[in-house]
Amino acid sequence: MAKLTAQVHGKAILITGDTKAVKDLLKGQGGRWNNGLTGWIFQASKKEAVLGALRQAGNEVNDDTGAAVAATPEKATNVAEAQPAAKKQKTGTSAAAESDEPWSRPLTPGEPSSGNRRRVSVSAFNGEVMVDIREWYGDASDPKPGKKGIALKAEEWKLLKQAMPDIDSELKRLQDS
C-alpha cells in the first residue's frame, strides 16, 4: 500500500509520495512523470478517476486539492451561454492608454544612428511590469528588438534607482583617474 498526496498544480493535479509502487497504474491513467516536481501530472478533469483508481487498488491517498479543481465543466446547452463574452471597450483619453504599444524613449540624442539604437521601454510581459533597456535593429519605419539588452522587473528597477548615487560616484572616480 502506497502513501500518496494529490495536490493542485496550476490547472493540473500532481500526485506525489511513494509513486514507484503504483507507476504502471498512474501511467495507465494517462499521467506523465515530472522529474522536477518528483510526481505525476494529470489533467484536472481526470482527478476523480485517478484518485478512485488509486484508492480501489488499496493505496492511501491524501486529497489536498480541496474544491480548487472542479470536474470537467458541463457543455453549454443554452445558445446564449455558448456565445463568447462581448469585448470590453477601451477607456482613457491618452494615446498611450489606447495603444497596445509600450511606452518607450530613445537613449541617444536626436535621431538614432544606424550604429547606436538603444531604447528604454516600459511594458507588461506575462502579467509582470518590466523596464526594458535594449538595442534595436532594422530600418526606422519597422524597428525590431535585438538580443542585446535587459528586462528588469519593477522591484529590480527600484533597486537600480536606489543604487544610482553609488554608480554616479564610481563613474566620476573612474573618469577622474
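These legends describe close-up views of a predicted model.

**View 1. The whole chain mixes helices and strands.**
The protein chain holds 5 helices and 9 strands. Along the sequence, these elements follow the pattern β-β-α-β-β-α-β-α-α-β-β-β-β-α. The chain has 177 residues, and 20% of them are buried. About 13,500 Å² of the protein chain is exposed. Carbon and sulfur atoms supply 53% of that area. Take the contacts between residues at least 6 apart in sequence: 32% of these join residues at least 24 apart.

**View 2. Five strands form an open sheet.**
The strand order is S3-S4-S2-S1-S5, and the pairing is mixed. Strand S3 (32-34) and strand S5 (60-63) stand at the edges. Each edge strand has a single partner, so one side of each lacks a neighbour in the sheet. On average, neighbouring strands of this sheet are turned by 30° against each other, direction ignored. Helix H2 (residues 47-56) packs on the sheet. Helix H2 touches S1, S2, strand S4 (39-43) and S5. The direction of H2 makes about 150° with that of S5.

**View 3. S1 and S2 form a hairpin.**
Strand S1 (residues 3-9) and strand S2 (residues 12-17) run antiparallel. How many bridges join S1 to S2? There are 6 bridges between them. Two residue pairs can be picked out here. His 9 stands opposite Ala 12 in S2. Ala 6 has Ile 15 in S2 as its bridge partner. The hairpin has 2 residues between its strands. In this hairpin, Gly 10 takes a positive phi near 65°.

**View 4. S2 also pairs with S4.**
S2 and S4 are antiparallel and share 4 bridges. Ala 12 has Gln 43 in S4 as its bridge partner. Ala 12 also stands opposite His 9. S2 is mostly covered, with 5 of its 6 residues buried. In a regular strand, side chains alternate between the two faces of the sheet.

**View 5. Leu 37 sits in a loop and touches residues far from it in sequence.**
The loop that holds Leu 37 lies between S3 and S4. Is Leu 37 buried, partly exposed or exposed? Leu 37 has a relative accessible area of 28%, so it counts as partly exposed. Leaving aside residues up to four places away in sequence, Leu 37 touches His 9, Leu 14 and Thr 16. Leu 37 and Thr 16 are 21 residues apart in sequence. Their C-alpha atoms are 8.3 Å apart in space.

**View 6. Glu 135 and Arg 118 join two strands by a salt bridge.**
A search of the whole structure finds 6 salt bridges. One of them brings together the side chains of Glu 135 and Arg 118, at 3.0 Å from N to O. The pair links distant parts of the chain. Glu 135 belongs to strand S8 (residues 128-137), and Arg 118 to strand S7 (residues 118-125). The two residues are 17 apart in sequence. Glu 135 is partly exposed, because its relative accessibility is 26%. Arg 118 is partly exposed too, with a relative accessible area of 41%. Side chains of opposite charge can pair when their charged atoms come close.

**View 7. Arg 134 and Asp 132 form a buried pair.**
The side chains of Arg 134 and Asp 132 meet in a salt bridge. The N to O distance is 2.9 Å. Are these two residues buried or exposed? Arg 134 is buried, and Asp 132 is buried as well.

**View 8. A salt bridge lies along helix H5.**
Glu 170 and Arg 173 meet through their side chains at 2.5 Å, N to O. Both residues lie in helix H5 (residues 154-176). They are 3 residues apart, about one turn of the helix. Glu 170 counts as partly exposed because its relative accessibility is 35%. Arg 173, at 47%, is also partly exposed.

**View 9. Three charged residues share a network.**
Which residues are linked in a network of salt bridges? They are Lys 47, Glu 48 and Asp 63. Helix H2 spans residues 47-56, and strand S5 spans 60-63.

Methods: Residues are numbered from 1 along each chain as its sequence is written. This is a predicted model: local features need pLDDT of at least 70, side-chain atom pairs count only at pLDDT 80 or more; totals for chains, interfaces and linings use all residues. Side-chain values use heavy atoms; hydrogens and water are left out. A salt bridge is a side-chain nitrogen of Lys or Arg within 4 Å of a carboxyl oxygen of Asp or Glu. Buried means under 20% relative accessible area, exposed over 50%, partly exposed in between (1.4 Å probe, protein chains only). Two strands pair if DSSP finds at least two bridges between them. Axes are lines fitted to C-alpha atoms, for helices over the stretch in contact, and angles run from 0 to 180 degrees between N-to-C directions. Contact means heavy atoms within 4.5 Å. Accessible areas come from the Shrake-Rupley method with a 1.4 Å probe; for residues, only the protein chains shown count as cover.
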